[in-house]
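Here is a short tour to read alongside the sequence and the model. Please keep both open as you go.

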Amino acid sequence: MMKNICAFSALMLTALSLHAQVPQGYWQQEVDYSISVKLDPKTHAFTGTEDLKYINHSPDTLQELFFHLYFNAFQPNSMMDVRSRNLPDPDKRVEDRISKLKGDEIGIQKVSNIKVNGQNVLSEEHGTILKVFLASPILPGDTAQIDLIFEGQVPVQIRRSGRDNAEGIDYTMTQWYPKMAAYDNMGWHAYPYVAREFYAPFGKFRVEIELPSHYKVAGTGSLENFDSYWREDKTEGSLSYLELKPWKPDLRTWVFTGENIHDFAWAADPDYEHTTVKLDSALQLHFFYLDKYDETWERLPKYTLQFFEEMNQRFGRYPYPQFSVIQGGDGGMEYPMCTMLKGTGKINGLVGVTVHEGAHNWYYGILGSNETRFPWMDEGFTSYAEAEVLNAISPSPKVNPHANSFAAHAFLASKPEQNEPMSTMADRYERNRTYGINAYSRGEIFMAQLRYIVGDEAFERGVLRFFETWKFKHPEPWDMIRIMERESGLQLDWFYHQFVETTKIIDYGISRVEAGKGNTEIHLERIGTMSMPLKLRVYLRDGSQFNYYIPTRLQYGPSPDISLTTVAPWAWTHPDYILNIPFDFEQIEQIVIDEEGFMADVNQANNSYPQVEGQE
Ligand SMILES: [Zn+2]
């Protein structure tokens, strides 16, 4: 009996350790929104009410609340305006345009009344942030009922949201309602809207939108009573073309609902074409675009289906019932269950943007990290998935689809005076370009290097486990590191520090090769400031090859690929390393570090012996 119990406990332990778990004591806030908004297209003014249930799962007593009022960024002299005019490389879409907006063109977001648990409370507007002073505190575990009345004006399109975008979409309504700020183990995150990145608690949304009845509305969430708005006009293959059902009264209310989301975006235009296709019984895709772009947009659904199939398999199953690709905005921007993007251009570009913004639904949408503190977790992980998916559906896939990001990163490494650590907050980079390369390229390389270090199998398991453990939660970078450590059995804190908290770069080289007694000495040097495990391939003149692996000492473990011969580890304190191989010098044809180029070495030229001609 005892023996059986032991066997049973051992089984249980294995099952538990395989089961995905967040760290003990983890908590997160929750907010359920019921929003009702009326928009008048004659004046671009809107009024609305918000009924929120804010559940304080934190161990803290809250004395104040913070809301985002994003539209106020589109006013002369706002933080967004002044920052843009003071950057050496401002976003072309912004530059000094906000400073020139007239009264009827600016964005306005005002909360005229706010009640918490039925009591009127005082508030203070700080540009794009509203600070609310609670009359009585919200205790741990309490649910607060919050009622807001708001009004505003939709700005002309400057950045992301606004009216009358460059392609003629009437309304791109993103960052448009008073939005509860995030509160986590670091307290409130009342980030003003300066340029980019968002972070908010998960919850349920119910949004009622009233507009003149000829408008067609697309957005986050599922449309309630879908069939009362849309009917099928025709089908071509698996693609259905939908038509708006006539509606007699002047005004019409659209009602959307969504769960486990942290934002809600919508767009409206009377001239949208609407097509739809099903991936399977659990997921329907929608496309909203202007008729003149139909040639490319009719080809887009096929690729979008391929994208979802690939993502579901490799990065975790998309959990929502719908996804909409919506023409709108000023480029490509991600929102839960939808994206707003420009509709012009060739099919390749449109597919690329759809794949990038779609992949954001995993990194941003479902895994709601603090993008302001860790913009690279959002943009970098998304860019990694984007490159993998585009490569998988490409007719001519590359060995390393991340080579472009390596090149961008190497370029920044050559400009140390412009470089900043990847741990810099999104808005605080001194150059947009440095933000771009760090968040997108170095962030993508973070994933590519993790994979290089822990090996394909542990990495792929880790990516799925990260998704299952942290979906609808707020993971931090070390949560990914911990999972990869457990999957691979290697220690990785050295990698995290060097790669995220510093501007250290990878550059290894073969300094010389010398004949020894019945052996050959390969002298390796660490030229860059960052340590990494090395893969070394030796080609002999007889055509045979031998593969070696030099672990970095702090990983405390061998190569994840057992086909490589693991030799003694290399400590980061040691700039040089000598590898003795049991072959005569004359037998050696060539020696190469990381021949496939999976390590983000900023100078590949010194990675082989003899050096390739014309390189140095
Ligand atoms: Zn992105």
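## Two residues with positive phi

R160 counts as buried, because its relative accessibility is 6% and the cut-off for buried is under 20%. This is a predicted model, and in it R160 has a positive phi of about 65° although it is not a glycine. You will find R160 in the loop between β8 (143-153) and β9 (162-163).

N77 also deserves a look: it is not a glycine, yet its phi is positive, at about 75°. The loop that holds N77 runs between β3 (62-68) and α2 (79-86). Is N77 buried or exposed? N77 is exposed, since its relative accessible area is 61% and exposed means over 50%.

## The zinc site

Which residues of the protein bind the zinc ion as donors? They are H356 and H360, each through NE2, and E379 through OE, and they lie 2.0 to 2.1 Å from the ion. Along the chain, the donors follow the spacing H-x3-H-x18-E. H356 belongs to helix α6 (residues 347-359) and E379 to helix α7 (residues 375-392), so this pair ties together parts that are 23 residues apart in sequence.

Two of these donors can also be described by their accessibility. H356 counts as buried because its relative accessibility is 8%. E379 is buried as well, with a relative accessible area of 4%.

## Helix α8 and its partner

Turn next to helix α8 (residues 403-413), where the buried residues are S405, F406, H409, L412 and A413. Where do they sit around the axis of α8? They cover an arc of only 125°, which means that they are on the same side of the helix. The buried residues of α8 pack against α9 (432-454).

I445 gives a view of this packing from the other helix, as I445 lies in α9. I445 is buried, with a relative accessible area of 0%. Setting aside neighbours within four places in sequence, I445 is in contact with S405, F406, H409, F499 and A600. Among these contacts, S405, F406 and H409 are buried residues of α8. For a sense of scale, take I445 and G127: they are 318 residues apart in sequence, and their C-alpha atoms are 36 Å apart in space.

## Cavities

Rolling a probe the size of a water molecule over the atoms shows where empty space is left. How many cavities of 30 Å³ or more does a search of the whole structure find? The search finds five. The largest cavity holds about 80 Å³ of space.

The lining of that largest cavity is formed by H68, Y70, Y191, P192, Y193, R196, E197, F198, Y199, T372 and D427. By residue class, this lining divides into six nonpolar, two polar and three charged residues. H68, one of the lining residues, falls within β3 (62-68).

## A cis peptide bond

One last stop is further along the chain. The peptide bond from Y609 to P610 is cis, with omega near -10°. P610 lies in the segment after β33 (608-609).

Notes. Residues are numbered from 1 along each chain as its sequence is written. This is a predicted model: local features need pLDDT of at least 70, side-chain atom pairs count only at pLDDT 80 or more; totals for chains, interfaces and linings use all residues. Side-chain values use heavy atoms; hydrogens and water are left out. Donors are N, O and S atoms within 2.8 Å of the metal (3.2 Å for Na, K and Ca); water is not among the atoms, so sites may look incomplete. Helices (H or I, at least four residues) and strands (E, at least two) are DSSP runs, numbered from the N terminus. Buried means under 20% relative accessible area, exposed over 50%, partly exposed in between (1.4 Å probe, protein chains only). The arc is that of the directions from the helix axis to the C-beta atoms. Contact means heavy atoms within 4.5 Å. On a 1 Å grid over the protein atoms alone, a cavity is a set of points where a 1.4 Å probe fits but cannot get out, and a pocket is an open set with protein on both sides within 12 Å along at least five of seven lines; lining residues have an atom within 4 Å of a point. Grid points are joined across faces, edges and corners, and a volume is the space filled by probe spheres set on the points. Ala, Val, Leu, Ile, Met, Phe, Trp, Tyr, Cys and Pro count as nonpolar, Asp, Glu, Lys and Arg as charged, and the others, Gly among them, as polar.
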